[in-house]
Every structure is written in C-alpha cells, then in structure tokens.
Amino acid sequence: MTWAMIFFGAAVLVAFTPGANNLLGLHHGMTQGAWKGLAGLLGRLAAFTVLIAAVAAGLGQLLAASELALTVIKWVGVAYLVWIGGRLLWSTCRGGSAALVQEPRATEPVPALRIARKEFVVAITNPKAILIFTAFVPQFIDAAHGSFPGQIAILGAVYLLAEFVAGATYIGVGTLVKSLRLSRRATRNVDRGTGAVLLGMAGALAASSS
C-alpha cells in the first residue's frame, strides 16, 4: 500500500490549500463551534463521495470532457459563492452602529443541516474539485494494483481522510478563535473579511478558463 501512502501525502497538500470550503469551515468553527463545523465538513465529504462514485462509474471523465457541463457547474458555483459572500456582508450591515459596541457577540445559531448543505453545494459545484477526482487522483492509478474502479475507491477514501484532516484543522483553528470571545466589532470584521474573500473567489472562478 506504499502507493496509497504516497498519494496520501500529496492529497494532504492539496486538501490543506485554502479554498472556499476550508474558509467556510474556519468561519463555521468561529461562529457556530466545533460540532456544527464538523457537520459542514460531513456535507463537504458527502459531495466528494458523490464525485468519487461518478469517477469510479466512468461518468467523471465524460463530465470533465464536457465543456458545457463544466461551464454550467462553474457558473452555478460562482452564483452560490456570490450569494454566500453577499449574505455575510449584508449581515454585517444590519443593526447599524448600535451593534458595534465592544461586547462579546452572541452569534445566531444556524442549524447543522443548513451548514452541511451549504458546504455540500459549494463542494459539488466547484470545477476544481471535479478536476481533483478526474485529473489528480487518476495520476496515481497503477494497473498492477487492480481494477480502475477499485483503485479509485481506495484512493478516493484516502483523499477523504486527507480532506477530513485538513477540514478539521481549519475548524479547530476557528473554534480556538471563538474561545477568545471576540468583541462584536471584531467578529463583524471577520464576517466582512470572509464575505469579501468568498466574493473574490467567485470572481476568480468566473474569470478562470475552466
């Protein structure tokens, strides 16, 4: 299983790369706590499981080769990132200056299912995630190690483990920041920063050629 261990090392590097899902995990850890952050991570892993199954079934290559399909997925992802980022920025504008007092902020709780659904949609509509499972993972396929679907299943499971480690780390950092009990102003600035970065990611995705 040396090949799987080598893949795990590469997968960890890819999984730790800052992206929309990792940013959301960090934000959910900061605002909702560890358990709801992990619920979001499960939504992300569910989306990746769907993509892995599609690749194992042979649908992934067809999807990656379809310019129209990738374009539709890309713009759905752009729209969803704009929606999430816009809502975060809008939430910081509500309440006016009276909400900027220097007291710890009691964040409005969000249902775990909604958080999981948000991360699922972000992951499943990210063309980069599709390319991970249609271009990155297949590079580690070796005919000497069995059938293509079987190896995709094994490598996919290894990647899910790497993604879990990375996602849990981002959530842990966010939870640690949450324990510092930031003031309303500081938390509001974090929300603004998160919203702005998500909008920037949406713009970068819209400008990409994929």
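## Questions about an all-helix chain

From the N terminus on, the elements of the protein chain run α-α-α-α-α-α-α-α-α. The model is a predicted one, in which local features need pLDDT of at least 70, side-chain atom pairs count only at pLDDT 80 or more, and totals for chains, interfaces and linings use all residues. Residues are numbered from 1 along each chain as its sequence is written, and side-chain values use heavy atoms, with hydrogens and water left out.

User: Hello! How many helices and how many strands does the secondary structure of the protein chain come to?

Analyst: Happy to help. Helices (H or I, at least four residues) and strands (E, at least two) are DSSP runs, numbered from the N terminus. By that rule, the protein chain comes to 9 helices and 0 strands.

User: Which element has the lowest mean pLDDT, and which the highest?

Analyst: The pLDDT is the predictor's confidence in each residue, from 0 to 100. The chain averages 80, and 82% of the residues score at least 70. Over residues 96-105 the pLDDT is below 50, and beyond near neighbours in sequence this stretch has 20 contacts in the model (contact means heavy atoms within 4.5 Å). Among the elements, the lowest mean (62) belongs to helix 4 (residues 59-65) and the highest (93) to helix 6 (residues 112-124).

User: Which helix gives the most to the largest nonpolar core?

Analyst: Let's start with the terms: a nonpolar core is a set of buried Ala, Val, Leu, Ile, Met, Phe, Trp, Tyr and Cys residues joined through side-chain atoms within 4.5 Å. Buried means under 20% relative accessible area, exposed over 50%, and partly exposed in between (1.4 Å probe, protein chains only). The largest core has 26 residues, and helix 1 (2-15), helix 3 (34-56), helix 7 (127-136) and helix 8 (148-179) each supply at least two of them. With 8 residues, the helix that gives the most is helix 8.

User: Which residues does Tyr159 touch, not counting residues up to four places away in sequence?

Analyst: Tyr159 belongs to the group of core residues that touch the most other members, along with Phe7, Phe48, Leu51, Ile132, Phe133 and Val137. Leaving out residues up to four places away in sequence, Tyr159 touches Phe7, Ala11, Val14, Ala15, Phe48, Ile132 and Phe133.

User: Why is helix 7 largely enclosed by the rest of the structure?

Analyst: The buried residues in helix 7 are Pro127, Ala129, Ile130, Ile132, Phe133, Thr134 and Phe136. Thr134, for one, has a relative accessible area of 9%, and its C-alpha atom is 8.7 Å from that of Ile52, 82 residues apart in sequence. Helix 7 is largely enclosed because its buried residues number 7 of the 10.

User: Is Val122 buried or exposed?

Analyst: Val122 lies in helix 6. Leaving aside neighbours within four places in sequence, Val122 is in contact with Ala20, Asn21, Leu24, Tyr80, Leu81 and Ile84. The C-alpha atoms of Val122 and Leu81 are separated by 7.3 Å, though their positions lie 41 residues apart along the chain when counted as places apart. With a relative accessible area of 4%, Val122 is buried.

User: What does the second, separate core include?

Analyst: In general, nonpolar side chains in soluble globular proteins tend to be buried together. This separate core has 11 residues, including Leu23, Leu24, Leu81 and Leu88.

User: Which residues do salt bridges join into one network?

Analyst: A salt bridge is a side-chain nitrogen of Lys or Arg within 4 Å of a carboxyl oxygen of Asp or Glu, and the structure holds 2 of them. Arg44 in helix 3 pairs with Glu119 in helix 6, 75 residues apart, with the closest N and O atoms 3.0 Å apart. Arg44 also pairs with Glu163 in helix 8, so parts that are 119 residues apart in sequence are tied together, here with closest N and O atoms 2.8 Å apart. Through shared partners, the network joins Arg44, Glu119 and Glu163.

User: Which residues make the nonpolar surface patch of about 240 Å²?

Analyst: Patches are made of residues with over 30% relative accessible area and no salt bridge: like charges are joined within 9 Å, nonpolar side chains (Val, Leu, Ile, Met, Phe, Trp, Tyr) within 5 Å. Accessible areas come from the Shrake-Rupley method with a 1.4 Å probe; for residues, only the protein chains shown count as cover. Phe164, found in helix 8, counts as partly exposed at 37% relative accessibility. The patch is made by Leu161, Phe164 and Val165.
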